[in-house]
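Work through the following exercises with the sequence and the model side by side. Try each task before reading its solution.

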Amino acid sequence: MSSSAPSPVKSTMHVRCKRRQTTLFVPVLRSTPFGEIKRHILSALGSRGEPCPDSVADVRLYFSAEDDVEKHLPDVGTIADRDVKSDVVLYFVFREGGEADFEIIDAEDLTMDGGV
């Protein structure tokens, strides 16, 4: 994997990141950018020997399993920017094929109201 492992975060806050049958718990701070969450996802999957992309550019995060493909969270955006609460579910997908081709969100929406 080309990205370095994320540094440990000392926090009582976390987000759940879901894709298909996989759910990862990622510790976060209010200042954590979404790009760092994506690095954590790739590191966790790689350490488990699961296939995953080499770059955070090949991962997209969403607030809801129902989000439109273009409503992904920007890498530079932070937990505070979007007022994300602890234990919220974020959905992640991988690039497949071409430059703009990403998987559809294939996971049960675990949020009570379908989003944040």
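Contact means that heavy atoms lie within 4.5 Å of each other. Keep in mind throughout that this is a predicted model.

**Exercise 1. Find which residues Phe 92 is in contact with, leaving aside its neighbours within four places in sequence, and decide whether Phe 92 is buried or exposed.**

Solution. Step one is to apply the cut-off: once the neighbours within four places in sequence are left aside, Phe 92 is in contact with Cys 17, Lys 18, Arg 19, Leu 24, Ile 41, Leu 45, Val 59, Arg 60 and Leu 61. Step two is to look at the accessible area, where buried means under 20%. The relative accessible area of Phe 92 is 2%, and therefore Phe 92 is buried.

**Exercise 2. Determine how the rings of Phe 92 and Phe 94 are arranged.**

Solution. The structure holds one aromatic pair. In this pair, the ring centres of Phe 92 and Phe 94 are 5.8 Å apart and the planes stand at 55°, so the pair is tilted. The reasoning rests on two limits, because planes under 30 degrees apart would count as stacked and planes over 60 as edge-to-face. As for its surroundings, Phe 94 has a relative accessible area of 6% and is therefore buried.

**Exercise 3. Work out the order of the strands in the sheet, and describe how they pair.**

Solution. Begin with the overall order: four strands form an open sheet, arranged E2-E1-E4-E3, and the pairing is mixed. The strands at the edges are E2 and E3, each of which pairs on one side only. On average, neighbouring strands of the sheet are turned by 30° against each other when direction is ignored.

Next, take the pairs one at a time:

- E1 and E2 pair in the antiparallel sense, over seven bridges, and Met 13 has Val 28 in E2 as its bridge partner.
- E1 and E4 pair in the parallel sense, over three bridges, and Lys 18 has Tyr 91 in E4 as its bridge partner.
- E3 and E4 pair in the antiparallel sense, over four bridges, and Val 59 has Phe 94 in E4 as its bridge partner.

**Exercise 4. Establish whether E4 is enclosed by the rest of the structure or open to the outside.**

Solution. First examine the two faces of the strand: Val 89, Tyr 91 and Val 93 on one side, and Leu 90, Phe 92 and Phe 94 on the other, are all buried, so that both faces are covered. Then count along the strand: six of the six residues of E4 are buried, and therefore E4 is largely enclosed by the rest of the structure.

**Exercise 5. Identify which residues touch the most other members of the largest nonpolar core, and which element supplies the largest share of this core.**

Solution. The largest nonpolar core has 23 residues, and those that touch the most other members are Val 15, Ile 37, Leu 90 and Phe 92. At least two residues of this core come from each of strand E1 (13–19), strand E2 (22–28), helix H1 (34–47), strand E3 (59–62) and E4. The largest share, six residues, is supplied by H1. A second, separate core has eight residues, among them Ala 65, Val 89, Val 93 and Phe 102.

**Exercise 6. Explain which parts of the chain are tied together by the salt bridges of Arg 16, Glu 103 and Asp 83.**

Solution. The structure holds 10 salt bridges, and three of them are treated here in turn.

1. Arg 16 and Asp 87 form a salt bridge whose closest N and O atoms are 3.2 Å apart. Arg 16 lies in strand E1 and Asp 87 in the loop between E3 and E4, so this pair ties together parts that are 71 residues apart in sequence. Asp 87 is partly exposed, with a relative accessible area of 34%.
2. Glu 103 and Arg 19 form a salt bridge whose closest N and O atoms are 2.6 Å apart. Because Glu 103 lies in the segment after E4 and Arg 19 in strand E1, the pair ties together parts that are 84 residues apart in sequence. Both Glu 103 and Arg 19 are buried.
3. Asp 83 and Arg 30 form a salt bridge whose closest N and O atoms are 3.8 Å apart. Asp 83 lies in the loop between E3 and E4 and Arg 30 in the loop between E2 and H1, so parts that are 53 residues apart in sequence are tied together.

As a last step, consider shared partners: Arg 19, Arg 20, Glu 103 and Asp 106 are joined into one network by salt bridges.

Note on methods: Residues are numbered from 1 along each chain as its sequence is written. This is a predicted model: local features need pLDDT of at least 70, side-chain atom pairs count only at pLDDT 80 or more; totals for chains, interfaces and linings use all residues. Side-chain values use heavy atoms; hydrogens and water are left out. Rings of Phe, Tyr and Trp (its six-membered ring) pair if their centres lie within 6.5 Å; planes under 30 degrees apart count as stacked, over 60 as edge-to-face and the rest as tilted. Buried means under 20% relative accessible area, exposed over 50%, partly exposed in between (1.4 Å probe, protein chains only). A nonpolar core is a set of buried Ala, Val, Leu, Ile, Met, Phe, Trp, Tyr and Cys residues joined through side-chain atoms within 4.5 Å. Two strands pair if DSSP finds at least two bridges between them. Axes are lines fitted to C-alpha atoms, for helices over the stretch in contact, and angles run from 0 to 180 degrees between N-to-C directions. A salt bridge is a side-chain nitrogen of Lys or Arg within 4 Å of a carboxyl oxygen of Asp or Glu.
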